[in-house]
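Got your viewer open? Let's take a short walk through this structure, one selection at a time.

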Amino acid sequence: TPGFTPTSTTSGATFEWNATSTLTGFDNSNVGVIPQETVSNTSTSVQAIEYKIAATANGCTGDSVSYSVNIYPLPSAPSITPSNTICEGHDTIYSVSNTLGSSYAWTISGVGTSSNSDTSSVNNILVTPGATDFTIFVTETDSNGCIGTQGSQLITVNALPTTASISGESRNVCVAETIYLSGNNPSSGTG
């Protein structure tokens with residue numbers, strides 16, 4: 001929560017305050033300045049801390065005033081789809097569930113590349129994998145400006161199999177004519 005210093009038009013006033021909320025981890029009463037504190041909201045909805053502040057001067061205590069601080073929950077780590085195994089060189093679109101008003105920051109470590117020119121707002125990214133495994137990371141910033149936990153997905157890249165070679169002359173054939181081809185045994189890729 002942000003710190004807050006109460007003020008009064010009465011010279012020499014002191015301040016007493018109390019705070020209430022369903023949240024925990026904050027000072028609930030004190031005198032003077034309301035301190036800056038780190039408060040967690042592990043629920044899925046906004047929670048408030050309600051401060052009641054009263055000024056005292058010349059032996060008299062004035063009516064209390066309210067001051068509220070809304071604590072928004074952080075977005076959870078996005079789950080990246082589709083599966084985590086792809087073939088070398090095959091473009092794949094990875095995505096997360098889109099939350100209205102949120103933006104997404106994508107990064108790739110390893111040799112995969114992205115063709116998205118704007119990886120700061122969309123809920124998907126097009127990746128062209130190289131020949132080695134890589135990791136995709138995404139972080140959501142919600143409409144309140146809260147930045148969530150980073151989601152990640154290790155992508156395993158399977159190498160393409162070796163193409164068989166075919167020997168013999170090229171020739172023209174008619175429909176229903178039989179031809180015989182001979183070739184080598186292609187090796188399978190690894191990865």
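## Stop one: a glutamate and its contacts

Start by selecting glutamate 140 and threonine 99: their side chains make a polar contact, at 3.4 Å. Keep glutamate 140 on screen and add serine 102, whose side chain also makes a polar contact with the glutamate 140 side chain, this one at 2.6 Å. Keep in mind that you're looking at a predicted model.

Which side chain of opposite charge is nearest to glutamate 140? Select lysine 52 and you'll find that side chain 32 Å away. Glutamate 140 is buried, yet has no salt bridge.

## Stop two: the sheet around it

Now colour strand S11, because that's where glutamate 140 sits. S11 covers residues 134–141, and pairs with strand S12, residues 151–158. The two run in the antiparallel sense, with five bridges between them. In general, the strands of a sheet pair through backbone hydrogen bonds, and they can do so parallel or antiparallel. To see one bridge for yourself, click on isoleucine 136 and then on glutamine 153 in S12, its bridge partner.

Zoom out to take in the whole sheet. It's an open one with four strands in the order S6-S12-S11-S8, and the pairing is mixed. Which strands stand at the edges? Select S6 (85–87) and S8 (103–109): each has a single partner strand, so one side of each has no neighbour in the sheet. Turn the view and follow the twist, which averages 30° from one strand to the next.

## Stop three: the aromatic rings

Next, hunt for rings. How many aromatic pairs does the whole structure hold? A search finds two.

For one of them, show tryptophan 17 and tyrosine 51. Their ring centres are 5.8 Å apart and the planes are at 65°, so this pair is edge-to-face. Tryptophan 17 belongs to strand S1 (residues 14–20) and tyrosine 51 to strand S3 (residues 47–57), so the pair ties together parts 34 residues apart in sequence. Are these two buried or exposed? Both tryptophan 17 and tyrosine 51 are buried.

Leave tyrosine 51 selected and add tyrosine 67. Here the ring centres are 5.9 Å apart with planes at 45°, so the pair is tilted. Tyrosine 67 is in strand S5 (residues 65–71), 16 residues from tyrosine 51, and the pair links distant parts of the chain.

Switch on a surface for the last look. Tyrosine 51 has a relative accessible area of 1%, whereas tyrosine 67, at 22%, counts as partly exposed. Finally, show Trp17, Tyr51 and Tyr67 together: ring pairs link them into a cluster.

Terms used
Residues numbered from 1 in each chain as written. Predicted model: local features only at pLDDT ≥ 70, side-chain atom pairs only at ≥ 80, totals over all residues. Heavy atoms only, no water. Pairing = 2+ DSSP bridges. Axes fitted to C-alpha atoms, helices over the stretch in contact; angles between N-to-C directions. Phe/Tyr/Trp six-rings, centres within 6.5 Å; stacked < 30°, edge-to-face > 60°. Buried < 20%, exposed > 50% of the residue type's maximum accessible area, 1.4 Å probe, protein only. Lys, Arg positive; Asp, Glu negative; His and termini not counted. Salt bridge = Lys/Arg side-chain N within 4 Å of Asp/Glu carboxyl O. Polar contact = N/O pair within 3.5 Å; in protein donor to acceptor, adjacent residues only side chain to side chain.
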